[in-house]
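These notebook entries record what I looked up in the structure shown below. I kept each entry brief and put the local sites before the chain as a whole.

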Amino acid sequence: MLLQYRKRLFELWRIAAFYRLDTHLPVAQTPQLQPIARLIAMHPVAWFAKPNPNGVKLALEDMGTLFLKLGQLLSTRRDLVTPEVIEQLVQLQDKVKPFDVALAKAQIERPIADGGLGQPVATLFARFDDKPLAAGSIAQVHTARLHDGREVVVKVVRPQIREQIMADFELLRELAGWATARIEAARAIHARELVEDYRQVMLSELDLTLEAANTTQMRNNFLGSSLMYVPEVYAVGKNVMVMERIEGVPVSRTQVFDALGYDRAALAEKGLTIFFTQVLRDNFFHADMHPGNVFVETLPAGTPNPNPRYIALDCSIVGELSRQDQLLVARLLLAVMNGNFTMLVDIIARAGWIPPTTDRHALMRDMRRTVSPMIAKPINEIDFAGVLMQVLDIARRYHLDIPPQLMLLLKTLVHVEGLGRDLYPELDIWSLAKPILTEWVKQQFDPMQKLNEVRQNLPELLLAVNDLPELLDNSLQGLSRLGGQQDRQLREIQLLRADMLKSRQQDWLAILGFAGLLVLATMVANHATWQISSWLVPLLYIAAAVCVLWRLLN
């Protein structure tokens, strides 16, 4: 199957050799990667190339959009990738050359069925700025004005990028399957599942209707809020999205906040409150909160805002947790905050993250030895993101199976704390988060809240009662069918056992017949006259061959 991708494989091989990716593979920890390292080193390009300390980053950028995005995704998976490679992956940037504005306009004017808006640009907009405001690996953004005077931004997916990415995905899935069948490390990190998760992330970014739906839901969650504002979506197609243009500055531009007189400590605490509100109240959180996607509100012309809100952009990647996962996350964070590593290991064991062969006591000791010194620091000096990174490094060493959605959440939490500390270095995430988490966990077990939930769901519960007789009847019929299936399976097993016994008897008969005829042929050849043995011995050999042939045919 991989041969059909031979042209692309040779291109990737050349790039890997040029950047000497063989020098970045952890062959000491994973000997199964040694053949791949040797293959890369065999390419003639590698004979003249020198090892590059940023080889992984540069190679992924050169391999194309899909691999660049894969590097960005893996930069958040410290449970899967070594710290040395992580340092390179976090440097990956999303800035690329913009594509021609004529192609962007053609994308916008394509029929609705083809992902466009189905109208000429001049009909849709009173003004459309040819120079893009920003360009990324998936799409670029232009500013424009609607005929009613509203200022908007127009996001346009790069032409033909979907076909390129989907073709590379087919190759990536084949490679993941090949590696899973041959390399223990690939099985340990669930390479196939990782590629499938990555595919879902990429499909979300390629389909702007999904991003628009996420944006609208998050906007509705914070309507009228003093914490965060989400721009309104005005029009959307699969490849084009038109949304409200906002007035604000990126959250990383702290010098602007100082000039405007903003309280940076209050802004940092507000950001953490938004995160926990999204995770615990809404169970719908922005999972790509890097500085380019988070702005702080200003008034026109950069004038101060007395109560600035955050502005969330690019909601293509969002996360949702089940109620069980919400409780799990809250308990895990509280266990880390309290330094209770016995409870921490017990929680992840009950969640099914620990392989059966893992030494739980060794895992607990490593957790305690690595994280305890960090927790022992004064509370305003604790690097919460650093604690999480250490925990994930341990998870990688012990091959813990952490669900992707929870990794998405932890990645988001690390981003949020990083943004908060950039705003206000003395930010104390522990003292802010602990009471929020404790109160939320208490609410989940509050009898009055459970009673309210039952009351709210009472109509559905009453309607479900009507289905009980039918469900009971279906269950009884299912049990009856199951009993019949078990009887049939038992009979089939008994027949199979009888066939096996019969087959074994036939094997012995064939062996005995073959051996007996060979012995008889030998005796005839040694003791009979030449006239008799000349025709009887070949006949006996033929009979022995017939015994074997009869058994093989049966």
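Entry 1, Thr143. I located Thr143 in strand β3, which covers residues 139–145. The model is a predicted one, and I read each entry with that in mind. I then asked whether Thr143 is buried or exposed. Its relative accessible area is 7%, so Thr143 is buried, the cut-off being under 20%. For the side chain of Thr143 I noted a polar contact with the side chain of Asp129, at 2.5 Å. I next listed what Thr143 touches once its neighbours within four places in sequence are left aside. The list holds Arg127, Phe128, Asp129, Leu133, Val152, Val153 and Arg245. Asp129 thus appears in the contact list and as the partner in the polar contact.

Entry 2, the sheet around β10. I traced an open sheet of four strands, in the order β5-β11-β10-β8, and recorded its pairing as mixed. Its edge strands are β5 (228–229) and β8, each of which pairs on one side only. Which strands pair with β10? On one side I found β8 (residues 248–250), antiparallel to β10 and joined to it by three bridges. On checking individual partners, I found Gly248 bridged to Glu297 of β10, and Pro250 opposite Phe295 of β10. The pairing of β10 with β11 (residues 310–312) is also antiparallel and has three bridges. There, Val294 faces Ala312 of β11.

I then looked at the side chains along β10, residues 294–297. Val294 and Val296 point one way, while Phe295 and Glu297 point the other way. All four of these residues are buried, Glu297 included.

Entry 3, Ile348. I placed Ile348 in helix α16, which spans residues 341–350. Its relative accessibility is 3%, and Ile348 therefore counts as buried. Which residues does Ile348 contact, leaving aside its neighbours within four places in sequence? I listed Leu332, Trp353, Ile354, Leu363 and Leu400. I also checked a C-alpha separation: Ile348 and Asp401 lie 53 residues apart along the chain, and their C-alpha atoms are 9.5 Å apart.

Entry 4, a surface patch. I noted a nonpolar patch on the surface, formed by Leu472, Leu476, Leu479 and Leu482. Together these leucines have about 410 Å² of accessible area. I followed up one of them, Leu482, which belongs to helix α23 (residues 468–527). Why does Leu482 count as partly exposed? Its relative accessibility is 41%, and that class lies between the buried limit of under 20% and the exposed limit of over 50%.

Entry 5, the chain as a whole. I recorded 24 helices and 12 strands. The chain has 554 residues, and 44% of them count as buried. I noted an accessible surface of about 30200 Å² for the chain, with 59% of it belonging to carbon and sulfur atoms. Finally, I looked up how far apart in sequence the contacting residues are. Among contacts between residues at least 6 apart in sequence, 68% join residues at least 24 apart.

Notes: Residues numbered from 1 in each chain as written. Predicted model: local features only at pLDDT ≥ 70, side-chain atom pairs only at ≥ 80, totals over all residues. Heavy atoms only, no water. Patch = residues over 30% accessible without salt bridge, like charges linked within 9 Å, V, L, I, M, F, W, Y side chains within 5 Å. Areas by Shrake-Rupley, 256 points an atom, 1.4 Å probe, with all protein chains shown as cover. Salt bridge = Lys/Arg side-chain N within 4 Å of Asp/Glu carboxyl O. Buried < 20%, exposed > 50% of the residue type's maximum accessible area, 1.4 Å probe, protein only. Polar contact = N/O pair within 3.5 Å; in protein donor to acceptor, adjacent residues only side chain to side chain. Contact = heavy atoms within 4.5 Å. Pairing = 2+ DSSP bridges.
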